[in-house]
Amino acid sequence: MKRWLPLGLIAVGVVLAVVALLFSPSEEDRIRARLTQLEDAVRVDDGAHNPLVRHGRVRKEFAEIFTKEASARIVELDERLGSRDDLTAAATQAAVVYQTADVSFGDTDIQVDPAGMTAGVTATATVTGARHGQPVRRDEVPVALRLEKIEGDWKIISATVHPRRAPDAP
């Protein structure tokens with residue numbers, strides 16, 4: 001009986017390892033989840049415009065999404081944001097400019113390097129929003145993101161927002 005116990009425990013361990021491998025999310029799925037987290041973090045809801053509350057929430061989310069040294073470049077505006085703090089400030093400011101705003105990523109192409117430590121993402125960000133007193137507008141902008149796996153989590157290290165595609169008519 002005592003000889004079968006270690007063999008039984010080994011068998012259970014092997015089964016659990018196989019189940020974990022089969023049902024654990026792929027690297028692409030984990031990156032898509034990070035993009036969804038970013039979509040949620042930058043959303044501006046009507047009536048939720050307290051800048052201090054928004055800044056605290058965005059700062060907490062961005063600490064999980066971006067590296068501290070993350071940068072962003074907005075080609076159309078010839079603007080560069082050089083740190084996570086700059087990104088947080090810009091996302092906080094969005095609630096001052098927009099009554100509502102929503103971002104969603106589509107046409108997403110994810111390329112993970114063979115070592116599984118860095119990834120490139122190209123996508124179309126659809127930005128739907130209404131400035132205060134203005135009608136809702138929808139723009140599509142191509143984006144390119146670079147991510148790095150840090151302590152097992154994917155974090156964005158850089159983002160480039162290319163010139164927008166033709167907006168919908170108001």
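**Exercise 1. Strand pairing at β1**

Determine in which sense strand β1 and β2 pair, parallel or antiparallel, and over how many bridges.

*Solution.* Step 1: in this predicted model, strand β1 comprises residues 66-74. Step 2: β1 and β2 pair in the antiparallel sense, and three bridges join them. Step 3: one position can be located within this pairing, since arginine 73 is found opposite arginine 80 of β2.

**Exercise 2. The sheet as a whole**

State in what order the six strands form the sheet, and identify which strands are its edges.

*Solution.* Step 1: the strand order is β2-β1-β6-β5-β4-β3, in an open sheet with mixed pairing. Step 2: the edges are β2, residues 79-81, and β3, residues 98-112, each of which pairs on one side only. Step 3: from one strand to the next, the twist averages 25°.

**Exercise 3. Helices against the sheet**

Establish which strands helix α3 and helix α4 lie across, and at what angles they run.

*Solution.* Step 1: helix α3, formed by residues 51-65, lies across β1 and β6 (153-161). Its direction makes an angle of about 105° with β6. Step 2: helix α4, formed by residues 84-97, lies across β1, β2, β3 and β4 (118-131). Relative to β1, helix α4 runs at about 60°.

**Exercise 4. The environment of valine 141**

Decide whether valine 141 is buried or exposed, and list which residues it contacts beyond its neighbours within four places in sequence.

*Solution.* Step 1: valine 141 belongs to strand β5, which spans residues 137-150. Step 2: valine 141 counts as buried because its relative accessibility is 11%, and the cut-off for buried is under 20%. Step 3: with neighbours within four places in sequence set aside, valine 141 contacts Ala123, Thr124, Ala125, Val127, Val161, His162 and Arg164. Step 4: for one of these contacts, Val127, the sequence separation from valine 141 is 14 residues and the C-alpha to C-alpha distance is 7.8 Å.

**Exercise 5. The chain overall**

Describe how the elements run from the N terminus, what percentage of residues count as buried, and what the accessible surface comes to.

*Solution.* Step 1: the protein chain contains four helices and six strands, in the succession α-α-α-β-β-α-β-β-β-β. Step 2: the chain has 170 residues, of which 29% count as buried. Step 3: the accessible surface is about 10,700 Å², with 58% belonging to carbon and sulfur atoms. Step 4: among contacts with a separation of 6 or more, 56% join residues 24 or more positions apart.

Methods
Residues numbered from 1 in each chain as written. Predicted model: local features only at pLDDT ≥ 70, side-chain atom pairs only at ≥ 80, totals over all residues. Heavy atoms only, no water. Helix = DSSP H or I, 4+ residues; strand = E, 2+ residues; numbered from the N terminus. Buried < 20%, exposed > 50% of the residue type's maximum accessible area, 1.4 Å probe, protein only. Contact = heavy atoms within 4.5 Å. Areas by Shrake-Rupley, 256 points an atom, 1.4 Å probe, with all protein chains shown as cover. Pairing = 2+ DSSP bridges. Axes fitted to C-alpha atoms, helices over the stretch in contact; angles between N-to-C directions.
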